[in-house]
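Work through the exercises below with the sequence and the coordinates at hand, and try each task before reading its solution.

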Amino acid sequence: MSLESRTDSVTFTVNGRAEEVRVSPRRTLLAALREDLHLTGAKEGCGVGTCGACTVLVDGRPVLACLMLAVQAHGRSVETIEGLTRDGVLDPVQRAFIEHDAFQCGFCTPGQIMALQGLLRRQPDPSAEEIRRALDGNVCRCGAYLRIQAAALEIARTAEARRPGRPA
Amino acid sequence: MPRIVRQKIEFEGRIEERDVVIEGDDLPVWGATETLAIVGTRVPRVDGGDRVSGRARYTADLDPPGLLHAAVLRSPHAHARITKFDADAAERAPGVRLVLSAANAPRIPWYNGKSWLFDPELRYAGDEVAVVVADTAAQARDALDLIEVEYEPLPQVLTIDAALAPNAVLVHAEGNVLGGPEQYERGDVEAGFREADATVEMHADTPDVLHHSMETHGSVVHWSGDRLTVWDSTQHIFGVRRQVAAALKIPLDHVRVMSPFMGGGFGSKNGAGKYTIIAALASRQLGRPVRLMFTRADESQAAGKRPQSAQQIRLGAKRDGTLVAIDYRGASNLGAYRAIGSPLAGPAKELYACPNVRTEVVNVFTHTAPCAAFRAPGFVEGTVALEAAVEALADKLGIDPLEFRLRNYAETDQVLGRPYSSKFLRDAYERVAKAAGWERRAPAPATAVAGHGRRRGLGMGTQIWGGAGSPPAYAEMRLNPDGTAEIRIGTQEIGTGAKTALAQIAAEVLTLPVDRVSVSLGDTDFPYAPLSAGSQTITSCGPAVRMAADEVRRHLLDAAASVLEAAPNDIRLEAGRLFVAGVPERGMTVAEVAGRMGNFALSGRGFRGANPDGVTIRTFGAQIAEVEVDLDTGEVTVLRVVACHDVGRVINPLVYASQIEGGVIQGLGMALREEHLTDPDTGTVLDLGFDSYAVPRSSVIPEIVALAVDKPDPIANNLGAKGVGEPPIIPTPAAIANAVANATGARVTSLPITPAKVLGALGRLR
Ligand code: FES
Ligand code: FES
C-alpha cells in the first residue's frame, strides 16, 4: 500500500474538544485543522516554516502547524485562534489588538496572536525585547509590528500589575 | 440632470482622460470649519472582531462542497519553446482529475494579446506551463513532477542593458522598449546648467522588489449552470469580472466576483490573474468548484514585482540655492509582459520649482517575471534619485537641505500649468523638522569617514503623489426599521481600514453610533466602485457613501416632519434624534422614525461627483530618518522615522497612523534589505520565499512617529480628503539613503543599502 493511500487515525483535543481525523501520514497539522476540521483561522502563509501565519499552540507551546504532521498531534492538546473566543467574547489579547489597531489585512493576525499567547503562557509579563524576539518569526507584510508590540506590552503590563506581591 | 463629463483621471502616477456619467449635483465640501463628530476620530476597525478571531474568511478559507485543488507547473527557463508535452502519467496519478496546458486548453489571449493563457513559447522562468487539478492540494502538487516536458531553450535578455543593446534578442516583435522613450521637457536645460554655480550628478539604482502579500494570489471558482461565482484575493472585483467574462466569452451578468476579506495586495492584485481563468475552465469542465492558490514559491516567481530601475540625475543650482536645471533619465525593467510603464520621472518633473527640466524614461521588456504596480510605482524609485541629489547639492552649496527645499517650493503644478487644489507641504516640513530635531543635523562630512565606531545621521525625503480618486463610484444605503443602517458598495477592504472609514462617514451623516452602521463590500452584486489602488478608495467611494447617507437623511427629515407635524425645514437631526427646531422635547429617535415607515422604506443612493476643473490634486509629505552606521561592518540601523503627510482631511487618525507605519516599514525593507534575485546566467529566480527574501520583521522596526497635517482640501471632493495608502512609502528609502550619507559622507544610492555597499563607499572594502 502506498503511503498516500494509507490513513491513520489521529485523536487529539482541539480547543478543548476531543476530535478524531483520518489522515495520510504526510498530512500536516495545518491541513488537518483547515481542511478536515474546517478551522481556517490558522493560515498558510508559506507552508515551509518561514512566516508564522500558521502558529497554533500544542500542549500550550507555539508550533508552526505547517511543519508538524497531523499524526504527531496524536494524544495532544491543540489550541487555535478559534478557541480564544468564548461565547462570542474576545480574550484580552484579541481586544488589545483591536484597540491598538494591531493589524491591517489581518491575514497574519491569528498567527501573531497565537505566538503571543505562547509567550504569555511561558512568561506572563515579558519585556519589550522579549516580545519583539518572540514575534520575530511572524511576518506582517502590512507592517503592523509596532502596534502588535504595543498591544502585547499592554497585556504584559496588566499581568505585571496583577502579579502577587506587587502593588496593583 | 445626468451629464457626461470628460475627466482627467490621475492614477498610479499617470493621467488618462475618461468620460464619466455625473448624475447630478454633489454635496458641499466638508470644509475646515465643519464640526464633525465621528469623522476624524480614532474609531477602532469595524471588522476587528472578524480579523482577530479567525472568523474572517479569506479566499483560501472557502471550502464549497466538492472542492478540487489545483497546482501550477512553471517554466524552468527564462525563454524556451515547449517541444514535447506528455501528461499521461500525471493524469493517471492518484486523485488527479485534469491537466490543463497549451495542448488542450482553449487559446485565450493574455497580457494584452502579447501571449496566451497557455503559450507554448515561455518568456520568463515561472511562466505557466500546465495546471493539475486533483482531489487534494498535495496530490495536485505531486502530479506536477509526473508531467514530462521537453523545452528548447531560446536566446534571452534579462537586464535593462542587454535589452537595449544593438541587435538584442527581442522579447516581443515590436521591440524591447514599451512604446518608445517617454520624454518631457520644459525650459532649456543646457542654458540652465550654464547658469548654475554648482551641479551634482549621480546614479540611483533600485532592485526588483516583491510585494509578498501574506495571502498569496488565488481564486476559488464555482459554476452553477452557466453562471460563474469567483472568490478572489483581489483589489478589483469589477476588473476581475470584466476580464473573466471577456476571457471566457460569457456575459458580464453571468459572473459574480467576491472578495469580502483579502490578505494584502499592495498593487499586485489590481486585476485578474491567469489562475482565475484557469480555475474557471477546469471547474466548468469538471463540474466541481476549484481552488487555485499560489504557493509562496509561486508568489515569488509570478505574482508581480516592483521593477528594477536604473536612473541618472543631474541638478544645477545657483549659489543661493535656486534650482535652475534638472536632467533626469530612468529605465525600468518591466519583465516579459506588463504594458504599463513606470512613471519614474514624476517627482523630478513636479516636486520642485525649476524652470528647466528634461526627463526621459524607457520601459524595457526582458525575459523576467512581469512586474506589477507596487505601492506608488515609479515614484518611490524616482524619489530616491531626486532627493539624494537634492541633499547632495544642498550640502555642496552649504545650505541646509530643508532650507534648500523651501527655497525651491513649487507653488503650482508646473507640468500642467495650473494650481494645486491644496498644498500644505510647508506644514509637513515644519512638523517633521521639529519632531525629529532636524536642527541637530550637521552637514555631511565632505569625504567619507574612514574611522572606527558608529556614526549617526539624519536624512530627509519629500513625497508628491496623486490620490485624488475620481468618479465613477456608487453606493447604496438603507435604514432598517430598528434604526440600523447598511451600506452596500462594490469596493474592497484590502487592509487599509476602508470599511471603517466608510462606516464613519455614513454614521456622521445620520448622527448614529458607528456600530449601528454596517458596511458590505467586496461583491460585484453591489454598486460599482473602482479598484482599491492609487490611494483612491476613500476619495472615490467615501463621497458616494456620504451622498447615499445624505439621501437617507433627507427622507428621514421628511418622515419625521410628517410624524411630528412640522415643516421638514424645521426638523433637526442630532445625536441620533430628530426634533423640531427650538422644541427639543418634540422629537423621536432615528429608530422610532424608521420603525414607523414600514420595512426598508428609507433608502438612498449616492455617486461620486466630478473632480474640480483646472486644478491638480496631489498629496504631499515629508519624512526624516535617523540612522546609525557601524563603520566597521557597514551595517545601517534605522533608529527613528518621523513622517508627516498632507493627505487632506484625516478620516480616522488611528488607521491613518497604521497606514503611515506600514508604508514606512515597507520603505525601510526596500532601503536596506529587500532584493529579488534573478540568476544572471539562467534567468531563474533565486529567492523563493521568506527564507531568502528579507521582508522586515519585528526586531528591525524603528520608532515611527506618524504625524498628519490634517487640513481638509477645500475642493477635491465632498469629504476634503486625499488618499493615504501610497504616500508613506515614497520618501522612506530616500530619507534613509540621505541619513546614511549624512552620517558617513559616503553616498550609497543603489538599493538595498547593504553593509558591503556601505563599506565599499567608505573605501573600506578590498
Ligand atoms: S505557513 Fe507555517 S510558517 Fe508559514
Ligand atoms: S496585517 Fe496584513 S500581513 Fe499582518
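The exercises that follow deal with the interface between two chains and then with aromatic ring pairs. The model is predicted, so local features need pLDDT of at least 70 and side-chain atom pairs count only at pLDDT 80 or more, while totals for chains, interfaces and linings use all residues. Residues are numbered from 1 along each chain as its sequence is written, chains are lettered from A and ligands numbered from 1 in the order in which they are written, and side-chain values use heavy atoms, with hydrogens and water left out.

**Exercise 1.** Determine how many residues each chain brings to the contact, and what area is buried between chain A and chain B.

*Solution.* Begin with the contact (heavy atoms within 4.5 Å), to which chain A gives 44 residues and chain B gives 54 residues. Next take the buried area, which is the accessible area (1.4 Å probe) that two parts lose on being put together, summed over both; between chain A and chain B this comes to about 4100 Å², with carbon and sulfur atoms giving 53%. Finally, look at individual residues of chain A: Gln104(A), Arg141(A) and Leu146(A) lose the most area to chain B, together 20% of what that side buries.

**Exercise 2.** Count the salt bridges between chain A and chain B, and find the partner of Arg141(A) in one of them.

*Solution.* Apply the rule for a salt bridge (a side-chain nitrogen of Lys or Arg within 4 Å of a carboxyl oxygen of Asp or Glu), which gives a count of seven between the two chains. In one of these, Arg141(A) is joined to Glu674(B), with the closest N and O atoms 2.7 Å apart.

**Exercise 3.** Classify the ring pair of Phe238(B) and Tyr528(B), and state whether each residue is buried or partly exposed.

*Solution.* Rings of Phe, Tyr and Trp (its six-membered ring) pair if their centres lie within 6.5 Å, and planes under 30 degrees apart count as stacked, over 60 as edge-to-face and the rest as tilted; the whole structure holds eight such aromatic pairs over all chains. For Phe238(B) and Tyr528(B) the centres are 4.9 Å apart and the planes at 55°, so this pair is tilted. For accessibility, buried means under 20% relative accessible area, exposed over 50%, and partly exposed in between (1.4 Å probe, protein chains only). Phe238(B), at 11%, therefore counts as buried, whereas Tyr528(B), at 29%, is partly exposed.
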